[in-house]
Amino acid sequence: MTADPTSPMRPRRFQASGPLRGRIRVPGDKSISHRAIMLSSLAVGESRISGLLEGEDVLATAAAMRAMGAHVERVGTGDWMVNGVGVGALLQPETALDMGNSGTSTRLLMGLVASHPIQATFTGDASLSKRPMGRVIEPLSQMGADIAASAGGRLPLILRGASPAVPIQYRLPVASAQVKSAVLLAGLNTPGQTTVIEPVPTRDHSERMLKGFGADLMVDVDPNGTRVITLSGQAELKPQTIDVPGDPSSAAFFVVAALIVEGSDVIIENVGLNPTRSALFDVLRQMGGSIDEIDRREVGGEPVADLRVRHSTLRGIEVDPAVAPSMIDEFPALFVAASVAQGRTVTTGLDELRVKESDRLAAMASALTLAGARIEEREDGLIIDGTGGAPLSGNSREPIVTHLDHRIAMSMAIAGMASSQGIEIDDTRPIATSFPTFESLLDTLADEVAA
Ligand code: S3P
């Protein structure tokens, strides 16, 4: 599903840019899109999804749900229609499920398969095959699934679901929405109550959408902030109409680009602002960024607003590690902003970044260093001394290595816009996993200058 490894890499040099101006709309939220396809596939009857992200990761989820019996199709209007099979009625896929680059597809679908009487093989690309699956293998095995993984708990793996599965009470050892969601999705076809205890809150799209589909789910928050999420199993889900809000993680690149390119003034419409996702915007405001919310409203059960972002003088800060889970995918973009800010930015508590689509601490440290930034890589974060508003030099000899990681590619693309000689990245293909229209939107905003 992901960038075809046999097709040639697609390098590109992202050049210094004049002011970014105009109004754009980013595609649908990736996390919500995955969940919308999965839950619709388990509801009996027809669900309709508008604003679905048509990126490779979500298409991998759609293909997997088809392989397990759901009807998932795009209709003429650009909406998606899903006819589900019902909880407990997933079919055994005839061939391996190719998860491409997508950790979310893999971990959440492992949860679904874990409580069905079927067997599935999960495969993925070179990046995904290095990522740890032990974190979901552990609770799903406790629920009775039989999982044969490659060395180190990695893909490819074969999962044989349990029937019936055993309900568990599981305390998350890492702050991970994927692990939480895998257990809750397994709980859907498990008799009794499945409980996830979450000491550090992570994105809550699964909880919101499960409730929206009619599942019996309760969330209690104890005085120290620990969330206890309880799902009563063997639920029936009712088909829904879902409007997917714009992805704040995709908007992040344009927010940072507008803040760091002089003279910019951009409106990004319909950006999801779920508090478990939106910490980047707060951190950038603390750094002096001008980010205004216009017309806060609700879309698909999630808060959204249009964001007006203007070029700003940014100041380095110490980023509170407690906010990390609410901006876990946005650190590469933040590192770019910090590289051209005044003074020092210190980030800590980011061990999880080492097990994303790439080791994002190492990848961003070497990418930004190559582009002329001053970076010190620590075990759990980066320390960045900004240029004080001056452009980065850019790279001239070797291209930036993106390691099949869409967010490294997009972060360095926007860094290129605030550099004197431009920044060349080795491969733009991974961008299509989450944001297929990224380059055309970037070119549109930059074009408006010339117009
Ligand atoms: C996601 C959760 C996060 C995030 C990923 C999407 C999700 O991963 O990094 O891009 O949709 O649940 P972790 O759960 O591993 O933190």
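A residue counts as buried under 20% relative accessible area, as exposed over 50%, and as partly exposed in between (1.4 Å probe, protein chains only). This is a predicted model, in which local features need pLDDT of at least 70, side-chain atom pairs count only at pLDDT 80 or more, and totals for chains, interfaces and linings use all residues. Residues are numbered from 1 along each chain as its sequence is written, and side-chain values use heavy atoms, with hydrogens and water left out.

**Ligand site**

The ligand sits in the largest pocket. A pocket here is an open set of points on a 1 Å grid over the protein atoms alone, where a 1.4 Å probe fits, with protein on both sides within 12 Å along at least five of seven lines; a molecule sits in it if more than half of its atoms lie within 2 Å of its grid points. Two elements, α1 (30–42) and α5 (177–188), give two or more residues to the shell around the ligand. Helices (H or I, at least four residues) and strands (E, at least two) are DSSP runs, numbered from the N terminus.

Residues around the ligand, meaning those with a heavy atom within 4 Å of it, include R35, T104, Q178, I328 and K356. Polar contacts are pairs of N or O atoms within 3.5 Å; within protein, one must be able to donate a hydrogen and the other to accept it, and residues adjacent in sequence count only if both atoms are side-chain atoms. Distances from ligand oxygen atoms are tabulated below.

| Residue | Part of residue | Distance to a ligand oxygen |
|---|---|---|
| S31 | side chain | 2.7 Å |
| A177 | backbone | 2.9 Å |
| D329 | side chain | 2.6 Å |

On its own the ligand has 390 Å² of accessible area, and the protein covers 95% of that (Shrake-Rupley method, 1.4 Å probe).

**R203 and α1**

R203, another residue around the ligand, is placed in the loop between β11 (193–198) and α6 (205–212). R203 is buried, because its relative accessible area is 10%. Its side chain makes a polar contact of 2.8 Å with the side chain of S31.

At the N-terminal end of α1, D29 acts as a cap, with a side-chain oxygen 2.9 Å from the backbone nitrogen of S31. Of the 13 residues of α1, 13 are buried. The end C-alpha atoms of α1 are 19 Å apart, in agreement with the 18 Å that its 13 residues should span at 1.5 Å a residue; the expected span is 1.5 Å times one less than the number of residues.

**Helix α7**

Helix α7 (residues 248–260) reaches 18 Å from its first C-alpha to its last, close to the 18 Å expected. This helix is mostly covered, with 13 of its 13 residues buried. D247 caps the N-terminal end of α7 through a side-chain oxygen 2.8 Å from the backbone nitrogen of S249.

Definitions and conventions. 1 Å grid on protein atoms, 1.4 Å probe; cavity = no way out; pocket = protein on both sides within 12 Å on 5 of 7 lines; lining within 4 Å.
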